[in-house]
Amino acid sequence: MTTIEPMPVIAAERPRKSFADRLRSGLPKLVLAPSFAVILIFVYGFILWTITLSFTTSRILPVYKWGGFDAYFRLWSQPNWYVAMQNLAIFGVLYIALCTAIGLFIAILMDQRIRAEGVLRPIFLYPMALSFVVTGTAWKWFLNPGLGLEHTMRNLGWESFTFDWLVNPKMAIYTVVIAGVWQASGFIMAMFLAGLRGIDGEIIKAAQIDGASTVSIYRRIIIPLLRPVFLSAFIVLAHMAIKSYDLVIALTGGGPGNATELPSTFMYSYTFNRNQMNVGSASAVMMLMGITAIIVPYLYSELREKKQ
Amino acid sequence: MSFLEIRNIRKKIGSVEILKGIDISLEKGGFLVLVGPSGCGKSTLLNAIAGLLPPSSGDIVIDGQVVTDLHPSKRDIAMVFQSYALYPNMTVEENIAFALEMRGVDKAGRAKAVAQVAKTLQIEHLLKRRPSQLSGGQRQRVAMGRALVRQPRVFLFDEPLSNLDAKLRVEVRAEIKALHQNTHATIVYVTHDQIEAMTLATKIVVLKEGIVQQVGTPAEIYNRPANLFVADFMGSPAMNMLKGRVVAGGIQLFGAGGQGVTVKIPPSVTTSIPEGSQVVLGLRPEAISDQGSADAAAAASAHIDAQVMIVEPTGSDTFVTGKLDGTTFTGRARAETVVEPGQTFRFVFNLDKAVVFDPESGSRID
Amino acid sequence: MSAAPETISAGSARFTRFFIYGALIILAIVYLLPLYVMLSTSLKSLDEIRGGDMLALPTDPSIAAWMKAWGEACIGVSCVGIKGYFWNSIKMVVPAVVISTLLGALNGYVLTKWRFPGHKLVFGMMLFACFIPFQAVLIPMARLLGLMGLSNSTTGLVMVHVVYGLGFTTLFFRNYYEAFPDELVKAAMIDGAGFFKIFWRILLPSSGPIIVVTVIYQFTNIWNDFLFGVSFSSGEASPMTVALNNLVSSSTGVKEYNVDMAAAVFAALPTLFVYVVAGRYFVRGLMAGAVKG
């Protein structure tokens, strides 16, 4: 520390920060601000608005008269809401489980050095490009008991073949599952395939040298390594299941009767058709809480991991 | 008067103080190398000079003008980045001309300036290519071209050679040196490589944990390191640090196991050290040699027999590591020296080149 | 690159390969069947549909149903086909995609290269907006559009899609620009380029892939949207998906399955076209939307 020379203090002029400089330093925030404001108002503000409505006595139009938890009591005393919740449970569990299982199965098959991978992959994926309304329309026709699959099978000579799920109140929700799985499983396959391709080949070589069979390599090494993909697939599917609206409308219209009611269709019909806006809002709040419970911990952990 | 001045620069990021009051000055045409281990704050300091990272306090002065609050583009500086930071969507020509374009230089003026720089750097044949079509060395040159074309007041280099392979690094290092000698540009250069620092600098600043350890010419830094850190950091193989005790008539080395060896107090020490004091004697490997290559003109030297532990021939020299009473040290012998590990070898210590440190404070004792 | 372990035993290998290809071919047929049925039905006459086999190829293919769906089919009370609705969707999709992509690019640029304290919270809030069930904003949005005089207008739908697409476009560009070297931005700053110059001259020219991904993602999502369309528009102003649903679910008159299917094909064509032309980017977009952070 002995060699630092004493510094001559020069009274040099220091330029002041000009208005242009200050504008320049604030510019990035200025550019982001409109988007953020829009999100604040149209997402968070509107959510608060909806929550507010759920505590009012609003019917056909919003009125801001305090109604307490009345709308929630009414919501949870509607048999329709229980049907919707039960259907969501059936649909959600089967949709997530089947999409994951089928997606993983196809991905593993596709990962076996398949010659025609370039031809097959788009075939499994194209349903994802379609609108739910198109999917619903196509499957509605395909499963039509009079002219669709049932008719075809009987024409082929299987006289007793019956497939009337679309019009059978007990089974109709499963047609929604079928169409939903058809649409999304290929995408889940692509996610798993990307995950499989991302696994370090040396780990597998090491396992082979250790004497593991193909089955045990998948069971003990590859599938455990795909854990993050399972999580992502779950998040995507769970969130799509809760938001599902178009598919049900196009496929069954919520029927027969209310057999395929889901929270999303419930919310829409109570709000816009049955003039019970407060109950509709309350159901929307319940949906939001469901999604928040799944998404927020996920986003939190993802954003935190990034930091490290 | 100094051209670039760094006055008491402090930088806090979060609760961590990365720069703890840095004062440096550099004359016009000087080549300042900031060197230190990773995390010492050298890149932070360079970014502060560039204006990319405003300091928490202190001032940067270029040519008498305080630029601390100025936008990077208004400081009249140019920077060569570690990754070269060539714009991938532009050709080499466009890359070099970009800064001029931003400053409103017309097309003809830009073309002329680019042509001149391309000629200097011999990259005329690369002008129409994109960065992705260039080799590492070519990219490095283009990055220098982009800085040169501006003719800025100060050039900043942020570890510009660290992405090159060993051979190319030596070549480009020589080119940078030649460039500096021809253009007399004022340069601030950051590196963690002490050889780069030694070969390029007219002035070296050794940094550690945000504090300047020593400022000096390469020779000063190398021969008279201010403290144990600088002594250890600069030079490869590192300086030998031998613990000793001041006794009547000199310094007793290798005393841990018994008598030890007493050597004369090196001539670099001019003050008197009280008897019984603990000291560290620093000797560069080239100051420890075999009898044949020992400097005969040395005023103070000592002959020490020690057991050979490791022999490392490098081709030009052979480094011999010896051990005496539990202390190891490395000396540089002639390439043709024949010696085997386990043998006893006579080392000659040239005490003219030794420096002595206080082990408590780590500072050099003069 | 492929993670597939090679099968070592030669005897079972042939059987395994046989099984793999067999399973894949059957699955591919199952996935293609609905599309095939949709197309073949749209080319059949009503008589053939009623009497024949759904899986059979049309005996006398005709595009009559397509013509009818496009220009004559009755949706609600007007019988002018779906062409008007098709254009409604185009007029809605193009501006919404352009605006949301541009804003997303700027937001991503600010959130990665011009960070400020709290940028993480801002991004987190924008990201969460991607996931909310739109039912939670439906009523306020309907009220606001009414107040602004934009209900039942394409402008209103464009605004809605821009607002609720912003989270995704910002996410895409943020993740892309996150990997864009900071040193390039620093170099451009020293070279004298300002905020917009750096964006326009340095980042945007290197953003080709992510622009394609974002545009495809937004195009597909907005074209396929039904909920906003059905909530904020009606009659002549509806987008394609709403018109298709109205056509298919109307119970008046004779059910013309071939026309329904032809209309469904029209509704599917633009996104399928994009998928066929740029499938690679399409998948990448879906993935980028699925794998967050």
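This report describes a predicted model of a complex, chain by chain and contact by contact.

**Confidence**

The predictor gives the complex an ipTM of 0.85 and a pTM of 0.84. For chain C, the mean pLDDT is 85. In that chain, 92% of the residues reach 70 or more. Confidence varies among the elements of chain C. Helix H4 of chain C (residues 83-113) has the highest mean pLDDT, at 93. Helix H2 of chain C (residues 46-51) has the lowest, at 78. Where pLDDT is low, the predicted coordinates should not be read in detail.

**Chain A**

Chain A is built from 13 helices and zero strands. Read from the N terminus, its elements are therefore α at each of the positions in the run, as the order α-α-α-α-α-α-α-α-α-α-α-α-α shows. The radius of gyration of chain A is 28 Å, whereas a compact globule of 308 residues would have one near 19 Å. Along the principal axes, the C-alpha atoms of chain A fill a box of roughly 105 × 75 × 30 Å.

Of the 308 residues in chain A, 43% are buried. Sequence-distant pairs account for much of its contact list: among contacts with a separation of 6 or more, 68% join residues 24 or more positions apart.

One helix of chain A shows how burial is arranged. Which residues of helix H4 of chain A (residues 117-125) are buried? They are Leu120(A), Arg121(A), Phe124(A) and Leu125(A). These residues lie on the same side of H4(A), because they cover an arc of only 125° around the axis. The face turned away from that buried side carries exposed residues, Gly118(A) and Val119(A).

**Chain B**

Chain B has eight helices and 21 strands. Its C-alpha trace spans about 80 × 45 × 35 Å along the principal axes. Buried residues make up 44% of the 366 residues in chain B. Among its contacts with a separation of 6 or more, 66% involve residues 24 or more positions apart.

The domain assignment splits chain B into domain 1 (4-233) and domain 2 (240-365). Their C-alpha centres are 38 Å apart. How many residues of each domain of chain B are in contact with the other? Domain 1 of chain B contributes seven and domain 2 of chain B contributes eight. On the domain 1 side of this contact in chain B, five residues are nonpolar, one is polar and one is charged.

**Chain C**

Chain C is also divided into domains: domain 1 (10-62) and domain 2 (83-290). The C-alpha centres of these two domains of chain C lie 34 Å apart. The contact between them takes eight residues from domain 1 of chain C and seven residues from domain 2 of chain C.

Two elements give two or more residues to the domain 1 side, namely helix H1 (10-42) and H2 of chain C. H1(C) gives the most, with four residues. By class, the domain 1 side in chain C holds four nonpolar residues, three polar and one charged. H2 of chain C, one of the two contributing helices, is also the element of chain C with the lowest mean pLDDT.

**Contacts between chains**

Chain C touches both chain A and chain B. The contact between chain A and chain C takes 88 residues from chain A and 79 residues from chain C. Which helix gives the most to the chain A side? Helix H1 of chain A (residues 19-54) does, with 17 residues.

In the contact between chain B and chain C, 17 residues of chain B meet 14 residues of chain C. Strand S6 (77-80) and helix H2 (92-102) of chain B each supply at least two residues of the chain B side.

The table sets out the residue classes on the sides that touch chain C.

| Side | Nonpolar | Polar | Charged |
|---|---|---|---|
| Chain A, touching chain C | 60 residues | 19 residues | nine residues |
| Chain B, touching chain C | 13 residues | three residues | one residue |

Note on methods:
Residues are numbered from 1 along each chain as its sequence is written. Chains are lettered from A and ligands numbered from 1 in the order in which they are written. Domain bounds come from an automatic or database domain assignment. Two residues are in contact if their C-beta atoms, placed from the backbone, lie within 7 Å. Ala, Val, Leu, Ile, Met, Phe, Trp, Tyr, Cys and Pro count as nonpolar, Asp, Glu, Lys and Arg as charged, and the others, Gly among them, as polar. pLDDT is the predictor's confidence in each residue, from 0 to 100. The radius of gyration is taken over C-alpha atoms; the globule rule is 2.2 Å times the number of residues to the power 0.38. A residue is buried if 20 or more other C-beta atoms lie within 10 Å of its own, exposed if 12 or fewer, and partly exposed in between; C-beta atoms are placed from the backbone. The arc is that of the directions from the helix axis to the C-beta atoms.
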